[in-house]
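Visitor: I like to see each label tested against its cut-off. Could you walk me through this one that way?

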Amino acid sequence: MGTGRGDGPVLGISAYYHDSAAALVAEGVPLAAAQEERFTRRRHDPGFPAQAVLSCLRQTGLRLDELAAVAFYEDPALKFRRVLATWLATAPHGYPVFRRAFPQWAGRKRRALDDVRARLRALAPGQRLPPLVAHRHHASHAASAFYPSPYPSAAVLCVDGVGEWTTTSLWHGRDTDLVPLAELRFPHSLGMLYSAFTYFCGFKVDSGEYKLMGLAPYGTPRYAPLIRQRLIDVKPDGSFRLDLRYFTFQYGRTMVGRAFEELFDGPRRTPEGPLTEREFDLAASVQQVTEEVLLRLARTALRRTGERRLCLAGGVALNCVANGRLLADGGCEQIWVQPAAGDAGGALGAALAESHGRGAPRAHVRRGTDAMAGALLGPGYGDREIERFLEQGGYPAVRLSERELVERVAAELAGGRVVGWFQGRMEFGPRALGNRSILADPRDPAMQSTLNLRTKFRESFRPFAPAVLAEDAKDWFDLPQESPYMLLTAQVAAARRRECGAAAEQLTGLDLLRVPRSTVPAVTHVDGSARVQTVTAEHNPRFHALLTAFRDRTGCPVLVNTSFNVRGEPIVRDPAEAYACFMRTRIDLLVLGDRLLDKRDQPGWEEEGDWRATIPRD
């Protein structure tokens with residue numbers, strides 16, 4: 001997979017589809033990584049990640065001409081051939097889309113590597129450009145899954161919508177070798193099947209799939225037999241074929257058409273329209289079928305490799321409910337999921353594939369840890385930058401020692417206040433893991449509805465994740481291993497389940513369908529599950545200290561942890577964005593590094609127009 005020209009820092013880039021990103025690796029170790037959306041404030045930004053590239057270079061103190069290579073996350077020429085072949089195979093149905101899109105594909109998208117070269121030159125005029133190499137899309141996913149994992153060897157499963165041609169791939173990773181074993185090809189795609197239901201239920205493809213996953217526990221999988229009979233033919237080894245008569249994504253316009261509507265009781269739900277029992281049941285059904293396919297694929301990967309550990313990447317690997325099912329029923333002893341499992345992680349995977357192909361070792365495996373540094377690989381903001389921002393804005397804040405800070409914030413959280421928590425380096429991937437987080441008390445049964453409707457401005461059914469001290473996790477959740485990246489779902493432990501009682505009268509909307517039976521109802525979904533993040537002092541010492549202070553005060557080592565943003569916008573990156581989100585929402589306190597800000601002390605906040613109207617719905 002490498003070029004054999006010796007080791008050195010490698011920059012990885014993903015771009016031109018969605019979730020563009022950059023990552024910088026040296027000696028096989030991820031040093032910096034960031035998504036372009038965090039800089040442009042355009043969610044899932046697909047453009048060239050210029051600002052993410054510059055951020056990675058600034059964080060590491062490297063120049064472009066000091067790099068050994070730049071690695072692109074897929075093969076643009078091969079992808080163009082797949083797109084062209086698909087248009088030809090579906091003619092004349094796809095012609096309108098072909099006519100509009102072909103000039104772009106025949107130009108910049110087909111010559112994406114030339115565009116990357118030109119844009120890198122513009123970022124670093126006069127500097128020598130390092131060699132630019134392309135890695136296959138699924139090879140980048142597989143590298144992102146295995147190489148940073150803590151395992152010396154493992155089976156690797158990658159499942160997404162589509163790369164160049166591949167939609168599903170099995171690999172065997174051993175030390176620095178990563179060997180492909182089998183693949184499935186477009187248009188037969190588990191990711192596309194799930195996205196078809198995402199679209200049909202009125203959510204946006206490539207961003208609303210997690211909503212469908214969150215909706216599934218409200219429904220009954222009554223459509224699952226119909227999906228198995230009419231839409232997907234699954235073999236015992238997990239290989240499958242879709243019946244393309246029910247789909248339109250291969251034409252490039254929409255995901256499904258009239259035949260799909262006739263099969264599932266009427267037209268697509270209108271986006272932002274009311275949710276009905278049909279959408280609940282459709283979500284439950286496709287989730288069940290997806291889990292069944294993944295279980296068969298995982299068992300095949302383990303059987304073919306002789307391994308007991310499994311690594312995952314690709315967009316479907318962000319389905320934490322399915323990941324929890326794989327851990328429980330898939331026949332593996334341990335599972336590790338790349339925290340940036342989607343296309344953003346392809347930038348990291350391409351850089352890792354190139355670095356290890358040039359001879360870099362996997363030194364972290366000997367230490368028994370993964371190489372992701374808690375996924376805290378984005379830009380950070382130090383004390384001087386925070387102080388300068390506060391002074392320039394005239395925003396009153398109290399500076400505290402770490403012990404004073406965590407004790408004060410723990411007390412405020414226990415008192416029912418909501419806290420914006422901004423610390424250190426930004427997370428890489430879609431999850432806030434304790435550095436760009438909104439935190440709250442999980443014991444309050446009304447907190448889930450309060451945060452959804454009055455802080456995040458999003459649908460009331462959306463669940464929140466618990467952050468829990470790793471050393472206490474097994475007392476609160478049925479989780480057989482650590483889950484540092486919030487990508488495994490587990491049931492709340494039996495000892496923590498109970499009726500919420502009279503406090504349930506405060507709940508509204510979908511929350512009334514079934515009241516969570518848990519001592520931590522704000523992070524317990526309606527089926528008794530939770531998307532768990534385990535927190536260690538090694539990966540995030542300050543967040544661990546806060547959880548410890550909250551446990552010492554309340555007896556509960558768990559906090560609500562949701563991303564520091566509102567619906568439709570990326571997670572906040574810098575102190576200014578954190579402050580704006582704090583003032584626009586029902587967040588009561590803001591912590592910027594060592595400084596604590598109380599909203600009651602802040603000057604008046606005014607903006608021209610309705611800021612929410614400028615944010616696209618996701």
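Guide: Gladly; what follows sets values beside definitions.

Guide: This is a predicted model, in which local features need pLDDT of at least 70, side-chain atom pairs count only at pLDDT 80 or more, and totals for chains, interfaces and linings use all residues. Residues are numbered from 1 along each chain as its sequence is written, and side-chain values use heavy atoms, with hydrogens and water left out.

Visitor: Why are F197 and F264 called an edge-to-face aromatic pair?

Guide: Rings of Phe, Tyr and Trp (its six-membered ring) pair if their centres lie within 6.5 Å; planes under 30 degrees apart count as stacked, over 60 as edge-to-face and the rest as tilted. F197 and F264 are 5.4 Å centre to centre with 70 degrees between the planes, so both tests are met. The structure holds 19 aromatic pairs.

Visitor: What makes this pair a link between distant parts of the chain?

Guide: F197 lies in helix α7 (residues 190-200), while F264 is in the loop between α10 (258-263) and α11 (277-305), 67 residues apart. Helices here are DSSP runs of H or I with at least four residues, and strands are E runs of at least two, numbered from the N terminus. The two rings also belong to a cluster that ring pairs build from F186, F197, F200, Y223, F247, F249, F260 and F264.

Visitor: How do you know whether F197 is buried or exposed?

Guide: Buried means under 20% relative accessible area, exposed over 50%, and partly exposed in between (1.4 Å probe, protein chains only). F197 has 0% relative accessibility, so F197 counts as buried. F264 is buried too, with a relative accessible area of 0%.

Visitor: And why does G424 get the label partly exposed?

Guide: G424 has a relative accessible area of 36%, which falls between the two limits, so partly exposed is the right label. G424 sits in the loop between β14 (419-422) and β15 (436-440). Its C-alpha atom is separated by 4.9 Å from that of G380, 44 residues away along the chain.

Visitor: Which residues does G424 touch?

Guide: Not counting residues up to four places away in sequence, G424 touches P379, G380, Y381, N435 and R436. Contact means heavy atoms within 4.5 Å.

Visitor: What makes R82 a charge over the ring of F186?

Guide: The rule asks for NZ of Lys or CZ of Arg within 6 Å of the ring centre and within 35 degrees of the ring normal. The charged end of R82 is 4.9 Å from the centre of the F186 ring, so the distance test is passed. K599 likewise lies over the face of F582, at 5.1 Å from the ring centre.

Visitor: What is meant by the largest nonpolar core, and how many residues has it?

Guide: A nonpolar core is a set of buried Ala, Val, Leu, Ile, Met, Phe, Trp, Tyr and Cys residues joined through side-chain atoms within 4.5 Å. The largest one has 190 residues, and those with the most contacts inside it are I13, F197, L231, F247, F264, L310 and L546. Helix α11 supplies the largest share, 12 residues. I13 touches residues including A21, F48, V53 and L120.

Visitor: Which residues of helix α2 are buried, and what do they pack against?

Guide: In α2 (residues 50-60), A52, V53, S55, C56 and L57 are buried. They pack against β1 (10-14), β2 (21-26), β3 (29-35), α1 (37-40) and α5 (112-123). Just after α2, G61 takes a positive phi of about 70 degrees.
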